[in-house]
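The exercises below are to be worked with the sequence and the model side by side. Each task is followed by a solution that goes step by step.

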Amino acid sequence: MRKTISLVVLTNSGSAARQFRISRATLRGAAILALALLGMSGFLIHDYFRLKTGARYVDQRDQELSGTLASQRDEIQIQRQQISDFSSEINALKERLLTLHEFEKKIRVMADLDKRPESANLFGVGGPIPQALDPKTALGNQRGSLVREMHSQVDQLTLAAVNQEDHFKALVTHIEKQRGLLASTPTIRPIDPDVEHLVTSRFDYRLSPFTNVREFHKGYDISAREGTSIYATAAGTVIFAGDKGLLGKTIIIDHGYGLTTTYGHCSRFLKLQGENVRRWDTIALVGNTGRSTGSHLHYEVALHGVQVNPEKYFLN
């Protein structure tokens, strides 16, 4: 006989009692099923909370990574801008070095020191001038090549700075030996550049304002108001102060070393023949004497009696 368990259900309504019989095997199966369902529910609940915790972690990591990426993007942008700024500074430094090199050449001409050392080229013997860097490249995809070129040009500029320093040292040594020559070399403009003036003729061919014939003009004409101060452009002695034909009232200064300067069309002399003058001394006033189309100064520089281009000597 099968082993069963009887369940009697009673009600308060007076209805007849109901009896249910369940075999023990069925009960055991139900219990096992209930335990299985309970275990599965526990597993699912645990897995749900584990996934929820994992999702929060993933979300947190995603936020952290997003912040890191944003920070890295900002840092990359800052680095690009720094590279761009640095390339602009390299270009500016290169221009300053080239300007100094040209200034050195002008000083050498004035110091009568035309011979230059073998390393006169700033970027080495036969070395070309590095091309200008394009700062915009740093903001594009070619910044790697720009950085490599920047490193290369920094090395070249370092060499150029060393070469320029050597050139200046050699120049200073020569200048110290020839202070007298430099004091007597015309190095300034005969009229203050800050006063109202206009350069009307240079040391070059021109059409004569009187004959309309092409001729070589051996001086440097500066138009200015009558009475404007005229400066001695170097130390020397006034060897002439008087009328000189077409130049009208003219002063000539002998600076020694074969150098003389001439100042024509003056209205009034402030220095007389035989007087010693220094650079920046006011020697006369601008006028319109002699053959002239208006108030101006005719200025000449001569070396051993031969007129040379005055602009070669201007430093201011």
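**Exercise 1.** What percentage of the 316 residues of the protein chain count as buried? Set the result beside the secondary structure and the contacts of the chain.

Solution. The model is a predicted one, and in it 30% of the 316 residues of the protein chain count as buried. Turning to secondary structure, the chain has three helices and 14 strands. Among its contacts between residues at least 6 apart in sequence, 64% join residues at least 24 apart. The accessible surface comes to about 20,100 Å², with 55% of this area belonging to carbon and sulfur atoms.

**Exercise 2.** Find which residues have the most contacts inside the largest nonpolar core, and which strands supply it.

Solution. The largest nonpolar core has 22 residues, and those with the most contacts inside it are Ile230, Ile251, Ile253, Tyr263 and Ile283. At least two residues of this core come from each of strand 6 (220-224), strand 9 (249-256), strand 10 (259-269), strand 12 (282-286) and strand 13 (296-303). Taking Ile230 as an example, and leaving aside its neighbours within four places in sequence, one finds it in contact with residues including Pro190, Tyr263, Cys266, Ile283, Leu285 and Leu297. A second, separate core of six residues has Ile83, Ile90, Met150 and Leu157 among its members.

**Exercise 3.** Locate the two salt bridges of the structure, and determine for each which parts of the chain are joined and how accessible the partners are.

Solution. First, Arg225 pairs with Glu196, their closest N and O atoms being 3.2 Å apart. Arg225 lies in the loop between strand 6 and strand 7 (229-231), whereas Glu196 lies in the loop between helix 3 (179-183) and strand 3 (197-201), so the bridge ties together parts that are 29 residues apart in sequence. Arg225 is exposed, with a relative accessible area of 57%, and Glu196 also counts as exposed, at 57% relative accessibility.

Next, Glu311 and Arg202 meet in a salt bridge through their side chains, at 2.7 Å from N to O. This pair links distant parts of the chain, with Glu311 in the segment after strand 14 (306-308) and Arg202 in the loop between strand 3 and strand 4 (204-207), 109 residues apart. Glu311 is partly exposed, with a relative accessible area of 26%, and Arg202 counts as partly exposed at 43%.

**Exercise 4.** Identify the residues that form a nonpolar patch on the surface, and place Leu44 in the secondary structure.

Solution. The patch is formed by Met40, Phe43 and Leu44, which together have about 340 Å² of accessible area. Leu44 is found in helix 1 (residues 24-110).

Methods
Residues are numbered from 1 along each chain as its sequence is written. This is a predicted model: local features need pLDDT of at least 70, side-chain atom pairs count only at pLDDT 80 or more; totals for chains, interfaces and linings use all residues. Side-chain values use heavy atoms; hydrogens and water are left out. Patches are made of residues with over 30% relative accessible area and no salt bridge: like charges are joined within 9 Å, nonpolar side chains (Val, Leu, Ile, Met, Phe, Trp, Tyr) within 5 Å. Accessible areas come from the Shrake-Rupley method with a 1.4 Å probe; for residues, only the protein chains shown count as cover. A salt bridge is a side-chain nitrogen of Lys or Arg within 4 Å of a carboxyl oxygen of Asp or Glu. Helices (H or I, at least four residues) and strands (E, at least two) are DSSP runs, numbered from the N terminus. A nonpolar core is a set of buried Ala, Val, Leu, Ile, Met, Phe, Trp, Tyr and Cys residues joined through side-chain atoms within 4.5 Å. Buried means under 20% relative accessible area, exposed over 50%, partly exposed in between (1.4 Å probe, protein chains only). Contact means heavy atoms within 4.5 Å.
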